[in-house]
Each structure stands twice: as structure tokens, then as C-alpha cells.
Amino acid sequence: MIMDVIEIQKIIPHRYPFLLLDRVTEIKENEYLVGFKNITIGDNIFQGHFPGHPIYPGVMILEGMAQAGGILAFKSMGNMTEEEAANKVVYFMSIDKAKFRNPVKPGDRLEYRLKVIKNKGAIWMLDGKAYVDDVLVSEAELKAMIVDK
């Protein structure tokens, strides 16, 4: 299953400039998701982080990871209609064991790989990893809950 940015926006409420997932390239409900964001010098964040030495912020990598995790959780909750999904939101409860291993720069394709560690009702524990050219750049354990808006 492939989801473009239009399909992604039907599931999560984020919009430019805070929608940090361009495409989902693989998804297996209740198991894993692979998606990416293309990092470009045109991203507003580079005006201030850092002029003359553009580095994509770690907190933005974690947010993109969280958005990908939200898609995985929503898609794993059975046959939820677009209307039902529109009335729900993912709240992240914790981010643990976050590590940043290599800088991410304009021109990189930041690939998110999320795996379900555990699911109990509306609570999801996810293993998140981010890669550039198959090199691990960041990782974290994410805990989220899907709630009514």
C-alpha cells in the first residue's frame, strides 16, 4: 500500500509547514510502516537552524517519526472511515531512548521505519528509526494514544 501526501492528510490533521511526512511506501497493519520526507533547503526551518550550516533539527525528526507512527496506529485500527478518523487525534504520551546519530541536511531523503512493539486498545508502543541512505540517523521508542477530538 502506498499513500501520497493527499491520503496522509485524510488521516492526520497536520498541514504545511508542520506536515513532516511526504509519502508512505510500505505498511502492514499492526506491524510496520515505512515512509519518508524529502528534506530541502526550501524548508522554513533552515532560515534559523543554522544559517550557513543547515542541519535538520532532531526534534523535527522525532515529530516526523511520531506522525508516521500515528498513520500506522490509525491504519491498524480496523476499517475506520475517513469521517471517523477525522474525529480522532493521536496524542503522544512519551518518547523514550531518543538518540541522534548523524546530522540530516538539505537534499537528504529522511526515511522513517516504525514497528509496533505493543498495542492495547487505544494505546500504542512503537519502535521508531530514521535513516538517510540506509544509515541510521535517529531512533526512539514512542508511546501514543488515539483519542476523540
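M3 lies in the segment before α1; helices here are DSSP runs of H or I with at least four residues, strands are runs of E with at least two, and both are numbered from the N terminus. The model is a predicted one, in which local features need pLDDT of at least 70 and side-chain atom pairs count only at pLDDT 80 or more, while totals for chains, interfaces and linings use all residues. Residues are numbered from 1 along each chain as its sequence is written, and side-chain values use heavy atoms, with hydrogens and water left out.

With a relative accessible area of 3%, M3 is buried. Buried stands for under 20% relative accessible area, exposed for over 50%, and partly exposed for the range in between, using a 1.4 Å probe and protein chains only. Apart from neighbours within four places in sequence, M3 is in contact with I8, I11, R23, V24, I71 and K75, where contact means heavy atoms within 4.5 Å. The C-alpha atom of M3 is 6.7 Å from that of T25, although the two residues are 22 apart along the chain.

**Overall fold**

The protein has three helices and six strands. Their order along the sequence is α-β-β-α-α-β-β-β-β. The radius of gyration is 15 Å, close to the 15 Å that the globule rule gives for 149 residues, so the protein is as compact as a globular protein of that length. That radius is taken over C-alpha atoms, and the globule rule is 2.2 Å times the number of residues to the power 0.38. The C-alpha trace spans about 45 × 30 × 25 Å along its principal axes.

Of the 149 residues, 40% count as buried. Contacts between residues at least 6 apart in sequence include 61% that join residues at least 24 apart. The protein exposes about 8000 Å², and carbon and sulfur atoms supply 52% of this area; accessible areas come from the Shrake-Rupley method with a 1.4 Å probe, and for residues only the protein chains shown count as cover.

The protein has 19 positive and 20 negative charges, and their mean positions are 4 Å apart. Lys and Arg count as positive and Asp and Glu as negative, while His and the chain ends are not counted. Each charge is placed at NZ of Lys, CZ of Arg, CG of Asp or CD of Glu.

**The annotated residue and strand β2**

H49 is covered by the annotation "active site" in an unreviewed UniProt entry. UniProt positions are given in the numbering used here, feature names are shortened, and annotations may be inferred rather than shown by experiment. H49 is found in the loop between β2 (32-38) and α2 (58-75). Its relative accessible area is 23%, so H49 is partly exposed. Beyond neighbours within four places in sequence, H49 is in contact with P54, I55, Y56 and P57.

K37 is in strand β2. K37 counts as buried, at 7% relative accessibility. Residues up to four places away in sequence aside, K37 touches L20, D22, D43, Y56, D108, R109 and L110.

**A residue of helix α2**

L62 lies in helix α2 and counts as buried at 11% relative accessibility. Its contacts, leaving aside neighbours within four places in sequence, are with I95, A98, F100, S138 and A140. L62 and L19 are 43 residues apart along the chain, and their C-alpha atoms are separated by 12 Å.

**Backbone geometry**

Most residues other than glycine have a negative phi, and most peptide bonds are trans. The table gives four places in this model that depart from that pattern.

| Place | Feature | Angle |
|---|---|---|
| Y16 to P17 | cis peptide bond | omega near 5 degrees |
| H49 to F50 | cis peptide bond | omega about -15 degrees |
| N30 | positive phi, not a glycine | phi near 65 degrees |
| K97 | positive phi, not a glycine | phi about 55 degrees |

P17 is found in the loop between α1 (5-11) and β1 (23-28). F50 is in the loop between β2 and α2, which is also where H49 is found.

N30 is in the loop between β1 and β2 and counts as partly exposed at 41% relative accessibility. K97 is in strand β3 (residues 88-100), and at 58% relative accessibility K97 counts as exposed.
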